[in-house]
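Let's take a walk through this model together. Have the viewer open and follow along.

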Amino acid sequence: MKKSTKLKTKPNLQESRLRENFEMLSQIRDDTVNDIESLTEDFQHMTLVAESIRRNYRALLSENQLLKNTLLSIVEECECWQSNRCDRCQQILKIIASDNSEDKPDAARKYRSILSQLRNLG
Ligand SMILES: [Zn+2]
C-alpha cells in the first residue's frame, strides 16, 4: 500500500502478496531446518544413550555367563556322578536352572533404573 500513488494498484497488491508468501515460506523453511537440526541432536544423544545401554547389558550378560560357567565347573569338578549329584551340586544346578525365572524381579528393577536414568538424561 506504500505505492498507492501509482495507478497500477492491482499488480502491486499481487506483488506484495507474493512477497508475503515468499517471506512466509522462507520462515517455514528456516523453522523446518531448525527442527531437523534439533531432531538430529536428539537422535545423536539417544544413539549415545542406546550405545551405553548396549555396552552395559553386554557386560552384564558376559558376567552372568561367567558366573554360570564357574558354577558348572564346580559341579563338573565334584566327585559326585551326573546321575547321583550331591546336595551341594543339586543346589548349584537348581540355582542355574532357576536363574532366568528368579532373576526377573531383579532384571525388572535394573530395567526400571535404566529407564529413570534415560529420563534424567533426556
Ligand atoms: Zn557334587
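Here is a quick tour, from the overall fold down to two glutamines.

A word on ground rules: this is a predicted model, where local features need pLDDT of at least 70, side-chain atom pairs count only at pLDDT 80 or more, and totals for chains, interfaces and linings use all residues. Numbering starts from 1 along each chain as its sequence is written.

The chain has four helices and zero strands, so you'd write its pattern as α-α-α-α (helices are DSSP runs of H or I with at least four residues, strands are E runs of at least two, and both are numbered from the N terminus).

How far can you trust it? On pLDDT, the predictor's confidence in each residue from 0 to 100, the chain averages 84, and 81% of the residues score at least 70. Helix α1 (residues 9-77) has the highest mean among the elements, 92, while helix α3 (residues 99-102) has the lowest, 57. Where pLDDT is low, don't read the predicted coordinates in detail.

Now for burial. Of the 122 residues in the chain, 1% are buried, which means 20 or more other C-beta atoms lie within 10 Å of the residue's own (12 or fewer is exposed, in between is partly exposed, with C-beta atoms placed from the backbone).

Gln 91 sits in helix α2 (residues 87-97). Gln 91 counts as partly exposed because 13 other C-beta atoms lie within 10 Å. Its C-alpha is 9.9 Å from that of Val 75, 16 residues away along the chain.

Over in helix α4 (residues 104-121) you'll find Gln 117. Gln 117 is partly exposed because it has 13 other C-beta atoms within 10 Å. From Gln 117 to Val 49 is 9.6 Å, C-alpha to C-alpha, with the two 68 residues apart in sequence.
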